[in-house]
Amino acid sequence: MAFTLDLKQKAPDFNLPATDGKNYTLKDFSQADWLVIFFTCNHCPYVIGSDEITRATAEKYSSKGVSFVGINSNSANTYAEDSYENMIKRMEKHHFPWIYLRDESQEVAMAYGALRTPHFYVFNKNRELIYTGRGVDSPRDTTKMKENTLDIVLEALTSGKPAPFSVTNPIGCNVKWDGKDPHWMPVDACDLV
């Protein structure tokens, strides 16, 4: 199996704490027709640069059966800014329209094969992977953005059409794996296309 989930693979389950003080599993989002799970963090300039576009996309599709879940798997030992406490502060400041989960053990990032922050996964009602990759083509500086890939995918899916993209390369910082150099990637991690 490739490092990152393949198309049509089922979303791996999880049981993770959120910034709202509750724990969530995959079942908690069963009402969503489409589920966007994305690996994100507090410090990455690609995340910070594109958060407002992600917010706009999440808000646009919330009435069309799409739920968003952000997961921070970055090691706080590598970047203290990525701690759970700082996640709570970030959500209190920005009020993002998604559940923000902490993957302290990094097991969920490994199960999904998260490569970068941000890295998006779109699942259908059966929680089969329909799209994986980038949100936008210029996440660090969205003034240079030519394409909101995630919006294009969700527009098609919520309109009953097939996604025009299924796999793109996520653009961002690599996941910060605990005990590893900040730029380390697992040996079987590779570009998706």
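The following is an exchange about how features of a predicted model are named and what values stand behind the names.

Colleague: What are the ground rules for this model?

Modeller: This is a predicted model in which local features need pLDDT of at least 70 and side-chain atom pairs count only at pLDDT 80 or more, while totals for chains, interfaces and linings use all residues. Residues are numbered from 1 along each chain as its sequence is written, and side-chain values use heavy atoms, with hydrogens and water left out.

Colleague: Why is Thr 19 called buried?

Modeller: Buried means under 20% relative accessible area, exposed means over 50%, and partly exposed is in between, with a 1.4 Å probe and protein chains only. Thr 19 has 17% relative accessibility, so Thr 19 counts as buried.

Colleague: Where is Thr 19 found, and which residues is Thr 19 in contact with?

Modeller: Thr 19 is in the loop between strand 1 (15-17) and strand 2 (23-25). Helices (H or I, at least four residues) and strands (E, at least two) are DSSP runs, numbered from the N terminus. Contact means heavy atoms within 4.5 Å. Leaving aside neighbours within four places in sequence, Thr 19 has contacts with Tyr 84, Met 87, Ile 88, Met 91 and Tyr 100.

Colleague: Which residues of helix 2 are buried, and what puts them on the same side?

Modeller: In helix 2 (residues 84-94), the buried residues are Met 87, Arg 90 and Met 91. They cover an arc of only 95 degrees around the axis, which puts them on the same side of helix 2. The arc is that of the directions from the helix axis to the C-beta atoms. As a general rule, an α-helix has 3.6 residues a turn, so residues three or four places apart point the same way.

Colleague: What does the face turned away from the buried side carry, and what covers the buried residues?

Modeller: That face of helix 2 carries the exposed residues Glu 85, Lys 89, Glu 92 and Lys 93. The cover over the buried residues of helix 2 includes helix 1, strand 4 (66-72) and strand 5 (99-102).

Colleague: How do you know that strand 4 is mostly covered?

Modeller: In strand 4, 7 of its 7 residues are buried. On one side these are Val 66, Phe 68, Gly 70 and Asn 72, and on the other Ser 67, Val 69 and Ile 71. Ser 67 has 17% relative accessibility and therefore counts as buried. Not counting residues up to four places away in sequence, Ser 67 touches Gln 31, Ala 32, Trp 34, Leu 35 and Val 36.

Colleague: What makes strand 3 and strand 4 a pair?

Modeller: Two strands pair if DSSP finds at least two bridges between them. Strand 3 (residues 34-40) is joined to strand 4 by 7 bridges, and the two run parallel. Ile 37 stands opposite Val 69 of strand 4.

Colleague: Why is Val 167 called partly exposed?

Modeller: Val 167 has a relative accessible area of 25%, so Val 167 is partly exposed. Val 167 lies in the loop between helix 4 (149-158) and strand 9 (173-174). Val 167 and Trp 177 are 10 residues apart in sequence and 24 Å apart in space, C-alpha to C-alpha.

Colleague: What makes the space lined by Ser 50 and Ile 53 a cavity?

Modeller: On a 1 Å grid over the protein atoms alone, a cavity is a set of points where a 1.4 Å probe fits but cannot get out, and lining residues have an atom within 4 Å of a point. The search of the whole structure finds 1 cavity of 30 Å³ or more. About 80 Å³ lies in the largest cavity. Its lining includes Ser 50, Ile 53, Thr 54, Thr 57 and Pro 118, and helix 1 (residues 45-61) gives the largest share, 4 residues.

Colleague: How do you know that the peptide bond from Thr 117 to Pro 118 is cis?

Modeller: Omega of that bond, from Thr 117 to Pro 118, is near 0 degrees. Pro 118 is in the loop between strand 6 (116-117) and strand 7 (119-123).

Colleague: Which is buried and which is exposed, Lys 8 or Gln 106?

Modeller: Lys 8 has a relative accessible area of 56%, so Lys 8 is exposed. Gln 106 has 8%, so Gln 106 is buried. Neither is a glycine, yet phi is positive at about 75 degrees for Lys 8 and about 70 degrees for Gln 106. Most residues other than glycine have a negative phi.

Conventions:
On a 1 Å grid over the protein atoms alone, a cavity is a set of points where a 1.4 Å probe fits but cannot get out, and a pocket is an open set with protein on both sides within 12 Å along at least five of seven lines; lining residues have an atom within 4 Å of a point. Grid points are joined across faces, edges and corners, and a volume is the space filled by probe spheres set on the points.
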